[in-house]
Amino acid sequence: MAGEASEAIDKNVLWDGGRSPFSVSYGKMMMWFFLVSDALTFSGLLVAYGFARHAFTGAWPVGEQVFYSMPFLSGHYPLLYVALMTFLLILSSVTMVLAVEAGHRLDERSVKKWLALTIVGGLFFLGSQAWEWSHFIHGSAGYITTVDEGKYWLTEEIPHGKTAIDVEGFGLVANRGEDNEIEYTGQKAIEIYNSRVNHVSGANMTQNEYGPPQYANFFFFITGFHGFHVFTGVLLNVIVFISLMKGTYRRRGHYEMVEKSGLYWHFIDLVWVFVFTFFYLV
Amino acid sequence: MERDDLIANDSYSLNATHDAEHGRVIRKKIYFVTILLSVITTAEVLMGVFFKHGTAIWPFVKWSFIVMTLVKAAYIVVVFMHLGDERKSLKYMILAPYAIFVLYLIFVGITESNFINEVWQTYGE
């Protein structure tokens with residue numbers, strides 16, 4: 001199995017042991033090592049999510065019923081926004097792999113072009129995620145609970161600093177979405193509203209209108225951790241882009257740094273593929 | 001046994017360059033994978049919208065989501081991350097931890113949580 005390399009390679013790129021295992025450079029191999037450990041972290045998070053979901057006895061929220069909004073549009077567009085986010089990340093992965101390919105042809109102009117597009121794609125993804133978070137946290141008009149454990153959904157949102165009486169057409173809906181749905185309006189609705197124990201609207205770490213508290217907690221942690229990775233990836237790509245502009249890789253004679261940050265970038269796309277399936281679809 | 005540590009010309013990662021002709025072949029493959037990933041994602045979203053949770057067909061839909069995800073992941077790792085072009089030993093070093101630990105973790109996590117669910121349902125709060 002093990003033996004000496006047949007050909008002497010440049011001392012500058014050899015590892016300290018005098019050999020280069022797997023015939024990859026030190027940096028590239030360490031990027032793979034990092035990605036292996038990082039992928040194990042994400043596996044742990046997603047399995048923890050699966051654990052919470054299978055152990056929970058009530059109804060777990062369904063992706064297309066929670067995420068159905070589009071910016072600038074009202075109405076129901078289930079999963080469309082998150083699908084666009086997925087496309088965005090896939091496309092920025094494609095531009096990254098094209099940058100790596102151009103690097104192998106030593107075509108610096110194309111490397112710059114594709115890497116710049118990758119950075120733009122990453123920034124757009126981050127912006128989309130910010131919108132998604134803001135929408136998730138803000139939520140809808142929400143629901144109230146009463147002493148006798150009744151649950152009533154609000155038909156109209158109550159603006160900050162106002163009460164139910166100020167809202168025109170204020171109403172409450174009990175058993176929403178079921179066969180015995182009842183709507184209360186006018187004085188009766190305001191009476192019930194004033195007897196509330198709790199008003200849940202949107203999501204925070206302790207309660208949310210979509211389902212059990214763990215649901216929002218996992219949403220914040222998993223997509224937040226992924227978003228942090230995207231942010232780091234954009235940062236790495238910007239650093240590589242600056243080095244490209246300064247001609248560092250031209251002088252070095254190879255563009256492997258683009259390949260290394262590309263590995264990280266594809267990994268982000270890879271994680272998103274799993275988050276998309278297990279958080280939004282299944 | 002096949003020796004996997006020999007470094008021939010151009011096989012070292014820093015020397016991995018190719019000409020314009022070969023570049024066209026590689027780009028063709030990249031575009032093919034792009035279209036494939038887009039088609040699978042579109043199919044996933046459409047299935048997510050049209051099939052409802054709790055229907056008789058749902059378990060089948062759920063498993064097709066998982067299979068499609070694994071196909072997407074495989075294309076990203078093998079083509080985009082070039083793992084398909086690396087040495088066999090490097091491939092196994094990267095993939096083995098998942099075959100061993102993550103499959104086991106999934107098995108343990110899902111089995112145990114189903115038992116916890118059963119206990120809650122049987123004995124209540």
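**Contacts, spread and helix packing in chain A**

Reader: What share of the contacts in chain A between residues at least 6 apart in sequence joins residues at least 24 apart?

Author: In this predicted model, the share is 61%. A contact means that two C-beta atoms, placed from the backbone, lie within 7 Å.

The model is predicted, with local features needing pLDDT of at least 70 and side-chain atom pairs counting only at pLDDT 80 or more, while totals for chains, interfaces and linings use all residues. Residues are numbered from 1 along each chain as its sequence is written, and chains are lettered from A and ligands numbered from 1 in the order in which they are written.

Reader: Why is chain A called more spread out than a compact globule?

Author: Chain A has eight helices and five strands (DSSP runs: H or I, at least four residues; E, at least two; numbered from the N terminus). Its radius of gyration, taken over C-alpha atoms, is 26 Å, well over the 19 Å from the globule rule for 282 residues, so the name is justified. That rule is 2.2 Å times the number of residues to the power 0.38.

Reader: What makes H1(A) and H6(A) roughly antiparallel?

Author: Helix H1 (residues 26–55) and helix H6 (residues 213–246) of chain A pack at about 170 degrees, their axes 11 Å apart. Axes are lines fitted to C-alpha atoms over the stretch in contact, and angles run from 0 to 180 degrees between N-to-C directions. Angles over 145 degrees count as roughly antiparallel; H1(A) and H6(A) therefore qualify.

Definitions and conventions
Angles under 35 degrees count as roughly parallel, over 145 as roughly antiparallel, 65 to 115 as roughly perpendicular and the rest as oblique.
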